[in-house]
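Let's take a walk through this protein together. Keep the sequence and the model side by side as you read.

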Amino acid sequence: MSDESEPGQQSRTDTILGWLVAITFIVLLWNIIQMPRTVLEEREPLMFFHYSMGLIVSILAAIRIYWWLREPAPEPPSELPVASFGFNRAILFALLLVFAVETVIGFVYAWGAGHDVVLFGVHLPAFIAKSEPLRMSMGYFHSALGFYYLMLFVIWFAFGVYQKIRYGVGLKRLFPGSSV
Ligand code: HEM
């Protein structure tokens, strides 16, 4: 599909998947912001929501990665040098990869901490025993990746603005949609 796309445009499937990752991630971000603002005794529903929403974001990111590797790469916008476009793509790929692995770490973290993991209302058996070293190590990883993706977002936007100034390429491509 994308081999038929114009330069600076991605395929319809990539566009739809991009939107789905973005929308579900915004919902998850709302949940991530609410969790620490909510007293511990009332946090459980938010955590259950976090597990399910996090899983959805990760699955969509994994599908997007699969599609990325399967389909021919989109062509850069005509104003943009290939190497500069490649840097954008590398940031985006790293972001998707972080979303995809956060859930794996999240599950180990939750079970290591002895949390009851509920997905879409279904209580899962604990596949990993409660363990303080696991809780600590995976908790650090989970948090660190949380900050890492924020950093990737900042680099993404800062570099996109630089490309706009340097090469005159539009800013629409920095948001979900068909422009790359
Ligand atoms: C794309 C998916 C996910 C992202 C981006 C994400 C991100 C985050 C962030 C930023 C926090 C708050 C910082 C922290 O306390 O470490 C957090 C907390 C947490 N996450 Fe995730 N998470 C995702 C998926 C999951 C999944 C699927 C699980 C488990 C099944 C999980 C388990 C946890 C736990 C146990 C906490 C600590 C909550 C608390 O004690 O307040 N996460 N997550």
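Before we look at how helices pack, one convention is useful: a helix axis is a line fitted to C-alpha atoms over the stretch in contact, and angles run from 0 to 180 degrees between N-to-C directions. Please also bear in mind that the model is predicted.

With that in hand, turn to helix 3 and helix 4. Their axes lie 9 Å apart and make an angle of about 160°. Angles over 145 degrees count as roughly antiparallel, and therefore helix 3 and helix 4 are roughly antiparallel to each other. The crossing of helix 3 past helix 4 is left-handed. What kinds of residues make up the contact of helix 3 with helix 4? There are 18 nonpolar residues in this contact, along with 7 polar and 2 charged ones.

Now step back to the whole chain. The protein contains 4 helices and 2 strands, and their order along the sequence is α-α-α-β-β-α. Its C-alpha trace spans about 55 × 30 × 25 Å along the principal axes. Of the 180 residues in the protein, 21% are buried.

Where do buried nonpolar residues gather? The largest nonpolar core has 9 residues: Leu17, Val21, Phe25, Leu28, Val57, Leu60, Ala61, Leu96 and Phe99. Two or more residues of this core come from each of helix 1 (12-37), helix 2 (44-70) and helix 3 (82-112). Helix 1 gives the largest share, with 4 residues. Another core lies apart from this one and has 7 residues, including Tyr51, Phe107, Tyr109 and Trp111.

Next comes the ligand. Which of the 24 residues around the ligand come nearest? They are Gly54, Glu102, Gly106, Ser143 and Gly146. At least two residues of the surrounding shell are supplied by each of helix 1, helix 2, helix 3 and helix 4 (132-167). By type, the shell holds 13 nonpolar residues, 10 polar and 1 charged.

Finally, follow the chain to Arg173, which sits in the segment after helix 4. Is Arg173 buried or exposed? A residue counts as buried if 20 or more other C-beta atoms lie within 10 Å of its own. Arg173 has 22 other C-beta atoms within 10 Å, so Arg173 is buried. For a sense of distance, compare Arg173 with Leu134: the two are 39 residues apart in sequence, and their C-alpha atoms are 40 Å apart in space.

Terms used:
Residues numbered from 1 in each chain as written. Predicted model: local features only at pLDDT ≥ 70, side-chain atom pairs only at ≥ 80, totals over all residues. Core = buried A, V, L, I, M, F, W, Y, C linked by C-beta atoms within 7 Å. Buried ≥ 20, exposed ≤ 12 C-beta atoms within 10 Å, placed from the backbone. Near = placed C-beta within 6 Å. Nonpolar A, V, L, I, M, F, W, Y, C, P; charged D, E, K, R; others polar. Parallel < 35°, antiparallel > 145°, perpendicular 65-115°, else oblique. Left-handed = near helix turned anticlockwise from the far one by under 90°.
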